[in-house]
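User: Please take a close look at one part of this model and describe what surrounds it. Then set it beside the rest of the chain.

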Amino acid sequence: MEFHGGPRGPRGFGGRGHGGMQKENINARVALSDALEIEYIDPSAVKFGLTEGNMLKYTDKDGVEHERIQLHRSFPFSCKDEYISVRTHDNNELGMIRNINDFSEETLALINTALELRYFAPQITEIFSIKEEFGYMYWSVKTNKGNVSFTVRNGRGNIFFVSKSTVMINDVDGNRFIISDFEKTEEKYQKTIEMYL
């Protein structure tokens, strides 16, 4: 499977998540769990399902059904299964899931599918080339989802560390790509990328 993109980048890598996080903070996670204003969701009192259009829906503890809900990870890189915010399509929080593994297998599958779509970010396993021209970087890479060509606007903020060794790249269309172990990247490409970190 191969994807190509010019200045507009590849298609099919939709969805925006939490970008720009430089480092996850364990203490912040503890503070979050102790925050009194957070309403945690009781897995036995709510229900997740799909609308006719295959969008995620949620029935709260009072029996009120909310369609087209969104799931947001509070710590998308260090704590993927915990502290999941359940929000309406206009971004009002309905509650917080402490741990998605507290739900039934059927519900867990729905939640995981929604999270995978939202946080879809192919992992770059090999860089074929990076070319710089007229304020853009043109990447040709191999990922765990196939070969991809995409375009990144030069300048800081589009390439950044999300952990000690993991780099995230945002292309011109808002698609995201991950380099899981930056130190193993070929040296000549490391030097090019480091200019924009």
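**Contacts and cores**

Analyst: Beyond its neighbours within four places in sequence, Glu82 is in contact with Ile97, Arg98 and Asn99. The model is predicted. Glu82 belongs to strand 6, which covers residues 82–87. Its C-alpha atom is 6.4 Å from that of Ile100, although the two residues are 18 apart along the chain. Glu82 has a relative accessibility of 30% and therefore counts as partly exposed.

Two of the residues named so far, Ile97 and Ile100, are also members of a nonpolar core. The largest nonpolar core holds 18 residues, and those touching the most other members are Ile124, Ile127, Trp139, Phe150, Ile159, Ile169 and Ile193. At least two residues of this core come from each of strand 8 (124–133), strand 9 (136–143), strand 10 (146–153), strand 12 (167–170), strand 13 (176–179) and helix 3 (187–194). The core with Ile97 and Ile100 is a second, separate one of 16 residues, which also includes Ile69 and Leu108. In soluble globular proteins, nonpolar side chains tend to be buried together.

Within the largest core, Ile127 can serve as an example. Leaving out residues up to four places away in sequence, Ile127 touches Trp139, Ser140, Val141, Ile179, Thr185, Tyr189 and Ile193.

Strand 12 also contains Asn170. Asn170 counts as buried because its relative accessible area is 16%, below the 20% cut-off. With residues up to four places away in sequence again not counted, Asn170 touches Val152, Gly157, Asn158, Phe160, Asn175 and Arg176.

Terms used
Residues numbered from 1 in each chain as written. Predicted model: local features only at pLDDT ≥ 70, side-chain atom pairs only at ≥ 80, totals over all residues. Heavy atoms only, no water. Helix = DSSP H or I, 4+ residues; strand = E, 2+ residues; numbered from the N terminus. Buried < 20%, exposed > 50% of the residue type's maximum accessible area, 1.4 Å probe, protein only. Contact = heavy atoms within 4.5 Å. Core = buried A, V, L, I, M, F, W, Y, C linked by side-chain atoms within 4.5 Å.
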